[in-house]
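Please open the structure in your viewer and keep the selection tool at hand. The tour below goes from one selection to the next and says at each stop what is there.

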Amino acid sequence: MDPVEDTLRRLREAFNSGRTRPAEFRAAQLKSLGHFLQDNKQLLQDALAQDGGLRVGEGRWATQLDAAFIRKEPLGLVLIIAPWNYPLNLMLVPLVGALSAGNCVVLKPSEISKSTEKVLAEVLPRYLDPSCFAVVLGGPQETGQLLEHKFDYIFFTGSPRVGKIVMAAAAKHLTPVTLELGGKNPCYVDDDCDPQIVANRVAFFRYFNTGQTCVAPDYVLCSPEMQERLLPALQSAITRFFGDDPQSSPNLGRIISQKQFQRLQGLLGCGRVAVGGQSDESDRYIAPTVLVDVRETEPVMQEEIFGPILPIVNVRGLDEAVDFINRREKPLALYAFSNSNQVVTQVLARTSSGAFCGNDGFMHMTLTSLPFGGVGASGMGRYHGKFSFDTFSHHRACLLRCAGMEKVNDLRYPPYTDMKVQLLSWSLSQSCSLL
Ligand code: NAD
């Protein structure tokens, strides 16, 4: 095996084992790093000198009399690209952050949610200073052309596939990005649960906006016993929300496009339909559906569903559920249901995701005190509330020093006499600030 590959595998295994997480481990490693510096002081000084680098005393200087602060500055010209599923919210919430931080903004709404795109293009500009804000319209081709230009920041919400295109285009200009992407959000249901309460909550969040929500629970992981109790409860929740004929319910929307409809209709063929399963192409209607007996390799467990379909995958318990989750890309959101706090916190502690919610659906994203964003394949960066302002600001590190009082600086200038070195060592032992 390639030695680098071997090293990387070893380190990843160590990380996955949870070894680096306990506070004691981290404190011990930091202490050890301190010993490395202390025990090998002369060795390191000699090595630095041989490399033509720092001499004694050049490494650290006093800053105690200076004023240090962070200045949050606008980044400049930023581009915000939005998807179609919440076309207004996902355009305006980032815009609030961008304009409150003082940037100029190009807005690129989704070409698929045509009516909102039209309002954003025709009406929004009347309310904003046209010299600072512009709406640019178009689909993949026009967005590709737009991305050839240099921006100071790009905030993208959409699919992981297009996220990679955006990031590659941004890299050409070294433009930083926020990528708010999608994925498959697991929902673990423990045996110690009230099935009806879980079913109400899972069904509400799964079928909200006809399942076209990036943070919707994408699939359920539970034991076969819990599945038997959940199925009638899910059926009951669906009937309660949308009536006996969900197609005629004013509370259930439609699939956004024919293309998406066909993709979802294909997914109905995975596993076995336990609830729902009906569809009507002329109306782009897909009934709230629950699938069982699905295999991990089937398309419904491979791609983000983004529609009113909920597969249930059987696991034998918490350990198997955690293994299943950790074998896959890190999701945008992860849900765990249990009457036992211990089970919920175990799922939290042993997995990773953009966000986590115990005993409910995507309520976490309604709180502006919490950052919203993905991790790994579900994205990078965060926003909402103050996090939006910070995302669209450069955190400029500033230090202001008095123009006089030159005596204070004497110590840092060569030549380094023994006296200076001793004084420096003493002053360093009084403070642990590293420059
Ligand atoms: P998408 O990636 O197809 O499109 C998003 C935007 O990118 C649109 O404005 C579109 O015009 C543009 N685009 C499409 N193809 C492009 C290309 N080849 N080059 C450049 N630009 C291109 O996503 P979508 O179908 O509009 O939205 C659904 C996806 O968005 C799902 O994956 C969902 O999970 C994700 N999403 C994520 C969040 C979040 O906050 N993390 C929110 C909503 C939706």
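Leaving aside its neighbours within four places in sequence, which residues is Leu230 in contact with? Select Leu230 in this predicted model, and then show Val189, Pro195, Val198, Ala199, Val220 and Cys222, which are the residues that Leu230 contacts once those neighbours are set aside. Leu230 itself belongs to helix 9, which covers residues 224-242. Its relative accessible area is 2%, under the 20% cut-off, and Leu230 therefore counts as buried. If you draw a distance from Leu230 to Val189, C-alpha to C-alpha, the viewer should give 9.5 Å, for two residues that are 41 residues apart in sequence.

**The whole protein**

Zoom out next, so that the entire chain is in view. The C-alpha trace spans about 90 × 55 × 40 Å along its principal axes, and the protein contains 14 helices and 17 strands. Of its 435 residues, 39% are buried. A surface representation would show an accessible surface of about 23800 Å², with 58% of that area belonging to carbon and sulfur atoms. Among the contacts with a separation of 6 or more, 67% are made by residues 24 or more positions apart.

**The two domains**

Colour residues 69-180 as domain 1 and residues 186-373 as domain 2, following the division of the protein. The C-alpha centres of domain 1 and domain 2 are 30 Å apart, and the contact draws five residues from domain 1 and nine residues from domain 2.

**The ligand**

Now select the ligand together with the residues around it. The shell has 27 residues, and the closest of them are Ala82, Glu111, Ser159, Leu181 and Glu304. Coloured by class, this shell separates into 15 nonpolar, eight polar and four charged residues. Where does the ligand lie with respect to domain 1 and domain 2? Both domain 1 and domain 2 give residues to the shell, so the ligand lies between them.

Three distances to oxygen atoms of the ligand are worth drawing here. From Glu111, a polar side-chain atom lies 2.6 Å from an oxygen atom of the ligand. For Ser159, an N or O atom in the side chain is 2.6 Å from an oxygen atom of the ligand, whereas at Gly158 a polar backbone atom is 3.3 Å from an oxygen atom of the ligand. On its own the ligand has 840 Å² of accessible area, and the protein covers 91% of it. To see which elements give two or more residues to the shell, highlight helix 6 (140-146), strand 5 (153-157) and helix 7 (160-171).

**Backbone details in the loops**

Most residues other than glycine have a negative phi, and most peptide bonds are trans. The next three stops depart from that pattern.

Start with Leu174, in the loop between helix 7 and strand 6 (177-180). Phi of Leu174 is near 55 degrees, a positive value in a residue other than glycine. Is Leu174 buried or exposed? With a relative accessibility of 76%, Leu174 counts as exposed.

Move on to Phe306, which is in the loop between strand 12 (289-292) and strand 13 (309-314). Phe306 is not a glycine either, yet its phi is positive, at about 55 degrees. Its relative accessibility, however, is 15%, so Phe306 counts as buried.

For the third of these stops, select Pro414 and Pro415, where the peptide bond from Pro414 to Pro415 is cis, with omega near 0 degrees. Pro415 is in the loop between strand 17 (393-400) and helix 14 (418-430).

**Last stop: Asn339**

Finally, centre the view on Asn339, in the loop between strand 14 (333-337) and helix 12 (341-350). Asn339 has a relative accessible area of 56% and is exposed. Which residues does Asn339 touch, not counting residues up to four places away in sequence? With those left out, Asn339 touches Asp192, Cys193 and Asp194. A distance drawn between the C-alpha atoms of Asn339 and Asp192 comes to 5.8 Å, although the two are 147 residues apart along the chain.

How values were computed
Residues are numbered from 1 along each chain as its sequence is written. This is a predicted model: local features need pLDDT of at least 70, side-chain atom pairs count only at pLDDT 80 or more; totals for chains, interfaces and linings use all residues. Side-chain values use heavy atoms; hydrogens and water are left out. A residue is near a molecule or strand if one of its heavy atoms lies within 4 Å of it. A polar contact is a pair of N or O atoms within 3.5 Å; within protein, one must be able to donate a hydrogen and the other to accept it, and residues adjacent in sequence count only if both atoms are side-chain atoms. Accessible areas come from the Shrake-Rupley method with a 1.4 Å probe; for residues, only the protein chains shown count as cover. Helices (H or I, at least four residues) and strands (E, at least two) are DSSP runs, numbered from the N terminus. Ala, Val, Leu, Ile, Met, Phe, Trp, Tyr, Cys and Pro count as nonpolar, Asp, Glu, Lys and Arg as charged, and the others, Gly among them, as polar. Domain bounds come from an automatic or database domain assignment. Buried means under 20% relative accessible area, exposed over 50%, partly exposed in between (1.4 Å probe, protein chains only). Contact means heavy atoms within 4.5 Å.
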